[in-house]
Amino acid sequence: MEKKTFNIIVCIKQVPMVSELPWNAKTGTLKRELAQGMMDPSSRTALEAGLGLRQEPAPEGQREDGAQDIRITALSMGPPMAEEVLHQAVALGADRGVLLTDRRMAGADTCLTSFILGEYIRKFEPGTDLVLCGAQTSDSETAQVGPQLACELDIPAVGWAKDIRLDGTVLTAERHVDDFLETLEMDLPGLVTIDHGGSAPEYAGLAGVQAAFESSSVEIVDADRLGLGRGFNALKDSPTRIVDVYTPAAQKENRVLKGTAKTVVDRLFKEYGKIISSAMGKDLKGE
Amino acid sequence: MTTNKDIWVLGDYRNYFRSRVTLQILARAKSLAAKNCGRVCALVFGHGVDEYVGEYIAHGADRVYVMDQPRLKEYSLETYSFLLTGLAKRLQPDILLVGATRFGQEIAPRVAKALNTGLTADCIDLEIDENGRLVQIAPSFGGNLIARIVTPRARPQMATVRPGTFHELPHDYDATGEVVNLDLPEGIPEDRVRCVRSAYKPATAAGLEKADIVITGGRGMGSKGKFKKLFELARLMNGEVGATRPVVYSNWIGHESLVGQAGKHIRPKVLFSFGISGAIQHTAALTDADFIVAVNKNPNATMMKLADVAIVADANQVCSGIIRAVREKIRD
């Protein structure tokens, strides 16, 4: 029987390092080396899910050594610096990376982003069996690009999967959504968005990333190569438009208390004890 | 453009007794409709759904579009997307709002894509501007910013809203509304995703959204062991424990306790915030807290600026201090 390669595309986003993002749980320190931009944690989980499928026993007729012949492509759209997360993906085990980058793609909303990713997959990777995305990226948190990419490619999709299994061309996914524990299955090609599920990702060592950088495994694709047309302008063509942005104004009294723990706690209860005891529904001494 | 001014709200009722998000959005839609002179229309797909039709009218819907068919008994993403897309194409609402349940977060992007229109996720507010456009207000850019977003040309204007963002209106027993029963359209595609098993299994920490006192902790608590103190304080105060994303990622507490855009939206009478810097994804979900006490070593942390009382000190020590104080003060 002819051996067929199983093609997986994992969509990976580079996100800004903001104050709430991964830190080393063991040492309690921030990942300073990622201050400029890092792989979105849910993309990372999606990549791991893809790598995990390689470990599964091969369906009948495929490789006899127990491993399926799975090719994993990490795909990203973003500024040139996003190349870094694709090298990281290769260091982690992806076979190659592809970066869609062009000034004309900048400012795309989710509708247009899914169109651009879809154009690439349609034109350059028509044999894709499975697309994996993080369920919700850590910067914009829209959870929209995955479902919209499935629509764009007109393939079935499962969202918020915690665990996926592959049996030939049937994919089974487990998920816990809206208080329902569900097992879903679909025939491939298809798309799955992977829920991060609360595990703390471990990052590839810098040596691994460096080695990946030295290989030429990341391909750059611009708007012309994608055939998006001269007049293409993602910012202008996106259905949504940002009117303005602002910092949420503080509307509180904002009383500042300083001192030893005992002093501040005493003052807190002395001055605000009534509010606290009322919310507790308990009567406190001295209020 | 020949759209009418109707505001549609997708009736998401599968978890009706736990998630009242449809009712909350109906309330907001009613105030938006007062400005754009449209009707509030709820959409109900399912089988044996009379009770929801009645509830939606009692909570503000002027009209309810109903497809009540055995085929629609179970929520189906592909079928429901097909139906909603088809109806929106035919009846052309001006605005389509969906609750940001997991189901809503899957169906809304699909429908927006099929209609080639915009969609703003997890809005924290919605307004009608002087041009009659829907202004979708949502946290953005992964920093401490809020963006005002419009959909200038494409229709409908679409947004998802996280449960707990708006207050539902009281049940109005005298309310009347028009019920429009619709037949199933031709050509519904076979569902390509098969549900092998579905069991009702509520996540824990359901009380977080309803609690009068919420004790939240961030990585400033120091360690998983020290974080456990928050549970003791919560027990003493009849409260619930919430957390930030780094804490959840580090497995100090389960995902169901996450307070933020990707988690729970809370509205306690008193919120204690220990060792939290205050990224917008977290703070956007607690703007309805009546009284906030924040403890952080860094007086310039965003969370400290949002607080009624900002205590500049070690979060862990102050937490212990409050536990001691409450123990002493509780009358037996």
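A disulfide here is a pair of cysteine sulfur atoms within 2.5 Å. With that cut-off in hand, let us walk through this predicted model, starting with its cysteines. Over all chains, the structure holds zero disulfides. Two cysteines help to show why. The sulfur of A:Cys133 has its closest cysteine sulfur in A:Cys11, and at 3.9 Å that is too far for a bond. A:Cys133 is also buried, with a relative accessible area of 4%. B:Cys195 is a separate case: the closest cysteine sulfur belongs to A:Cys151 and is 19 Å away, again too far for a bond. This residue, B:Cys195, is partly exposed, its relative accessible area being 48%.

Now turn to a sheet that draws on both chains. As background, strands of a sheet pair through backbone hydrogen bonds, either parallel or antiparallel. The sheet is open, with four strands in the order E14(A)-E8(B)-E7(B)-E6(B) and antiparallel pairing. At its edges stand strand E14 (241-246) of chain A and strand E6 (125-128) of chain B; each has a single partner strand, so one side of each is left without a neighbour in the sheet. On average, and with direction ignored, neighbouring strands of this sheet are turned by 30° against each other. If you would like to see where chain A meets chain B in this sheet, look at E14(A) and strand E8 (residues 145-150) of chain B, which run antiparallel and are joined by five bridges. Within E8(B), B:Ile146 is the residue that A:Tyr246 stands opposite.

What lies across E6 and strand E7 (134-140) of chain B? That is helix H1 (residues 21-36) of chain B, which runs at about 15° to E6(B). The helix H1(B) is worth keeping in view as we move to the nonpolar interior. In general, nonpolar side chains tend to be buried together in soluble globular proteins. The largest nonpolar core in this model has 60 residues, and B:Phe45, B:Tyr56 and B:Leu97 are those with the most contacts inside it. H1(B) supplies the largest share of this core, seven residues. To get a feel for the surroundings of B:Phe45, set aside its neighbours within four places in sequence: B:Phe45 is then in contact with B:Leu10, B:Tyr13, B:Met67, B:Leu72, B:Tyr80, B:Leu83, B:Leu84 and B:Leu87. There is also a second, separate core of 45 residues, which includes A:Ala261, A:Val264, A:Ala279 and B:Ile330.

Chain A has its own helix H1 (residues 41-54), and a simple length check works nicely on it. Its 14 residues, at 1.5 Å a residue, should span 20 Å; the end C-alpha atoms are 21 Å apart, which agrees. H1(A) is mostly covered, with eleven of its 14 residues buried. Among them are A:Pro41, A:Arg44, A:Leu47, A:Leu51 and A:Leu53.

Back in chain B, strand E5 (residues 119-123) has five of its five residues buried, so E5(B) is largely enclosed by the rest of the structure. Its pairing with strand E9 (residues 157-161) of chain B is in the parallel sense, over three bridges. One of the residues to look for is B:Cys123, whose bridge partner in E9(B) is B:Val161.

Finally, a few backbone details may catch your eye. The peptide bond from A:Leu188 to A:Pro189 is cis, with omega near 10°, and A:Pro189 lies in the loop between strand E11 (180-187) and strand E12 (190-194) of chain A. Another cis peptide bond joins B:Arg155 and B:Pro156, where omega is about 0°; B:Pro156 is found in the loop between E8 and E9 of chain B.

As for phi, A:Trp160 has a positive value near 60° and is a residue other than glycine. A:Trp160 lies in strand E9 (residues 157-167) of chain A and is buried, with a relative accessible area of 3%. A:Asp179, likewise not a glycine, has a positive phi of about 70°. This residue, A:Asp179, sits in the loop between strand E10 (170-177) and E11 of chain A, and it is buried at a relative accessible area of 12%.

One last stop is B:Thr244, in the loop between strand E13 (240-243) and helix H7 (245-249) of chain B. B:Thr244 is buried, with a relative accessible area of 1%. Its C-alpha atom is separated by 6.1 Å from that of B:Val259, 15 residues apart along the chain.

Terms used: Residues numbered from 1 in each chain as written. Chains lettered and ligands numbered in written order. Predicted model: local features only at pLDDT ≥ 70, side-chain atom pairs only at ≥ 80, totals over all residues. Heavy atoms only, no water. Buried < 20%, exposed > 50% of the residue type's maximum accessible area, 1.4 Å probe, protein only. Pairing = 2+ DSSP bridges. Helix = DSSP H or I, 4+ residues; strand = E, 2+ residues; numbered from the N terminus. Axes fitted to C-alpha atoms, helices over the stretch in contact; angles between N-to-C directions. Contact = heavy atoms within 4.5 Å. Core = buried A, V, L, I, M, F, W, Y, C linked by side-chain atoms within 4.5 Å. Expected span 1.5 Å × (residues − 1).
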